[in-house]
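Reader: Please examine one part of this model closely, and set out how it is built.

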Amino acid sequence: MTDFAVWAPTPAIVGLDVDGVAHPMARSADGWWRTTLDLAPDARYGYLLDDDPQVLPDPRSARQPDGVHARSAVWDEASLTWTDDDWVGKPVEGAVIYELHVGTFTPAGTFDSAIDKLDHLVDLGVDFVELMPVNAFSGVHGWGYDGVLWYAVHEPYGGPNGLARFVDACHARGLGVLIDAVFNHLGPSGNYLPRFGPYLSDVRNPWGNAINIDGPDSDEVRRYIIDCALRWMRVFHVDGLRLDAVHALVDTTAINILEELSADTDALAARLGRPLSLIAESDRNDPRTITRREGGGYGITAQWDDDIHHAIHTAVSGERQGYYADFGSMATLATTLRNGFFHAATYSSFRRRRHGRPLPISQIPATRLLAYTCTHDQVGNRALGDRPSQNLTAGQLAIKAALVLLSPYTAMLFMGEEWGALTPFQFFTSHEDPQVAKATAEGRKAEFAEHGWNADEIPDPQDPETFQRSKLAWRELEEQHHLRLLHLYKALIGLRAEIDPAGPWLSQLVIDYDEDRRWIAMHRGPLAVVCNLSEDTVRVPVCGELVLAWASPRTEGEATLLPGHSFAVLRPA
């Protein structure tokens, strides 16, 4: 027998359609409708609301074999086969995380084909794989942030069984798995939730109506979110979540939904006997996000830190447009590395207001912030989806890698970064609704045209070639200059273990720099990381035993001569 339950307080009548046969459901006072039926495995079902003949998918559907507009499929989690009983998990703080998009990571774009590349990640030395959203969304390919059925695993990737095989394979190799979860909005196509109940509020965010997490009847919506989050970790054995754009979660209640989710996640971790982590993407620069609950914070394990990205990228590349305007100097780079946030109750010219709050560096370790040289956003949200490797020298890429991987922060890489992949990562969609498809393509072109780009140069996200261009070209690893960068990344990740005794506290980080000569030195424990961001050879007043370098530095008295666009790791006497 199979139990069916759906929260649908809006319609007066709810029926269950199973393979074309309608069955009545009973409503309880809390707005839930229930029934129990004896069904064949993999039966297709959906809900009928009032007198509308359209069969709608289950809001908590586990499988959508025929897409997000079709009936759901009955799926039993007991069908999964696991071999990870010995997996004890690992903490995310201080780890190296590898972000990837399943559809473009391999030519086939599936969980099973991604398994074939896991040994590459093990050899690289990363600790966690972070999957861009794998929830069900409209169309065959897309970034995943337009999800509309959050409980279902995108079928073209391999569905729920494929995800389980991937997680099991990762754990067998000692890799943890994180999943990017989007709870701040729903996609524009296939979103039937408002027909069931008040899932959306009247508040608008950049992607449309915000989720109703603090208005009337929001308790069940909050439960819908939290149950989904916990389900990824409980049913699919994943080790944590990356929470997309939590600043877009409008919550005026006394117990913020992040705090509630954090508490429930910790309780689940205690029951499972392994650590579970939550990583927030937050634009607020608010330390409360990563402050422990007992200290008055939300208790999120860690958060992305775009200030670190901006400070490193602008100093190395020279770019200053848009939100990069306040960054670029060596002083800004040093300040950000020392303090975690650059904007900390300081004026942001991009926002035209004060932004952020100082990070209490004596109370919050640096490992609760993620540092990175690029992400899906920082690549894919560029007009052409171009990577730093398409615009910078190999030495500049090496400097960026050294500053991130040898910093005290938790580090993250974006797929292909480790070998300087030359394939772009562009914004791609495959919306089935013609109006949504047209609006997406025209909106993308208009957005960048406002910033001076020729609209004809902007890739059409609906063009299948945009998706194909974004797939990694693994054959690049046959070329020597790509292999050289890959070997450097491996060496830098290996060095993190030697620096770890320096501790995660920013109060112990010492940084020197010269604005005019454009060098910076980061002192951590027994090692010093000295970088020359200029094109010319510079004399840096730091010397010692050479541990690792890009190019060929040489000692001159009590100083080191660094060639242009290079770095050296030294062990001072």
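Author: The part considered here is the second largest pocket and its lining. The model is predicted, so local features need pLDDT of at least 70 and side-chain atom pairs count only at pLDDT 80 or more, whereas totals for chains, interfaces and linings use all residues. Residues are numbered from 1 along each chain as its sequence is written, and side-chain values use heavy atoms, with hydrogens and water left out.

The second largest pocket holds about 600 Å³ of space. A pocket is here an open set of points, on a 1 Å grid over the protein atoms alone, where a 1.4 Å probe fits, with protein on both sides within 12 Å along at least five of seven lines; lining residues have an atom within 4 Å of a point. The volume is the space filled by probe spheres set on the points.

The lining comprises 24 residues, of which Asp3, Tyr45, Arg60, Ala62 and Trp75 are the closest to the pocket centre. Two or more residues each come from strand E1 (2-7) and helix H6 (218-235), these being DSSP runs of at least two residues for strands (E) and at least four for helices (H or I). Strand E1 gives the most, with four residues. By class, the lining has 13 nonpolar, two polar and nine charged residues; Ala, Val, Leu, Ile, Met, Phe, Trp, Tyr, Cys and Pro count as nonpolar, Asp, Glu, Lys and Arg as charged, and the others, Gly among them, as polar.

Elsewhere, the axes of helix H8 (residues 306-317) and helix H11 (residues 394-405) come within 10 Å and cross at roughly 155°, the axes being lines fitted to C-alpha atoms over the stretch in contact and the angle running from 0 to 180 degrees between N-to-C directions. H8 and H11 are therefore roughly antiparallel to each other, a term for angles over 145 degrees.

Methods: Angles under 35 degrees count as roughly parallel, over 145 as roughly antiparallel, 65 to 115 as roughly perpendicular and the rest as oblique.
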